[in-house]
Amino acid sequence: DYVGGFVGENFGSFADCYTGGHVTGGAYVGGLVGQNGDYGRAAHTYAAIARCYSRSRVSAEDQTAGGLVGRHELGEITASFWDMDISGQTASSGEIGFMATGTDHGVGLTTMAMKTLGTFLDAGWDFVGETENGTEEIWWIDDGHDYPRLWWEREEGEPEVVIELSAAGFDAQIAEGVVLVDFYATWCSFC
């Protein structure tokens, strides 16, 4: 129970994420979250989700499955979407509790709409190269061909970039914004 593609139970807040794959379980299964917020078990816990999407196939044994959330109990979901064609779900949440706030509990879209830049710009998502929704440049998209991706993700099939660093050029490369994921150098005492 309480199974989600990103997290099983959300008792906090998160933003700017996505999931894909197949999410399945007994009860309260969501493409993104199994349960969002809680009212009554231990304490009243408000939870929030913003600017996220799911492109996951979702199924629950007892039918309490949702495209985004299995059970939306206490909190809000804003500017978030799920792919109705992929998920097999027609509702954002398998169950909506009486303490869920707002009217936006997530929006179900076709695969084509999920691959359209305008869908996300209209919802206030911050994309590389636009400034109306912010300048953090969180997302990018191959408009009309693929789902949004986080700014640091490569296109499918794009080879990894390997940058050779030296003691002399290390600081200059870092200053240019090179992000190191796995790093080891014999000449670097703190690495």
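1. A residue is called buried when its relative accessible area is under 20%, exposed when that area is over 50%, and partly exposed in between, as computed with a 1.4 Å probe on protein chains only. By this scale D16 is buried, since its relative accessible area is 17%.

2. The structure is a predicted model, in which local features need pLDDT of at least 70 and side-chain atom pairs count only at pLDDT 80 or more, while totals for chains, interfaces and linings use all residues. Residues are numbered from 1 along each chain as its sequence is written, and side-chain values use heavy atoms, with hydrogens and water left out.

3. Four salt bridges are found in the structure, where a salt bridge means a side-chain nitrogen of Lys or Arg within 4 Å of a carboxyl oxygen of Asp or Glu. One of the four joins the side chains of R51 and D16, with 3.0 Å from N to O. Because R51 belongs to strand β6 (residues 47–60) and D16 to strand β3 (residues 13–25), this pair ties together parts that lie 35 residues apart in sequence. Strands, like helices, are DSSP runs numbered from the N terminus, a strand (E) having at least two residues and a helix (H or I) at least four. R51 is partly exposed at 26% relative accessibility, whereas D16, as noted above, is buried.

4. R71 deserves a separate look. Its side chain forms a salt bridge with that of E73, at 3.1 Å from N to O, and the side chains of R71 and E95 also meet in a salt bridge, again with 3.1 Å from N to O. The pair of R71 and E95 ties together parts that are 24 residues apart in sequence, because R71 lies in strand β8 (residues 69–78) and E95 in strand β10 (residues 93–100). R71, E73 and E95 are thus linked in a network of salt bridges.

5. How buried or exposed are the members of this network, R71, E73 and E95? R71 counts as buried at 18% relative accessibility, and E73 is also buried, with a relative accessible area of 4%, while E95 is partly exposed at 28%.

6. Turning to the cysteines, the count of disulfides is zero, a disulfide being a pair of cysteine sulfur atoms within 2.5 Å. C17 is buried, with a relative accessible area of 7%, and C52 is likewise buried, at 0% relative accessibility.
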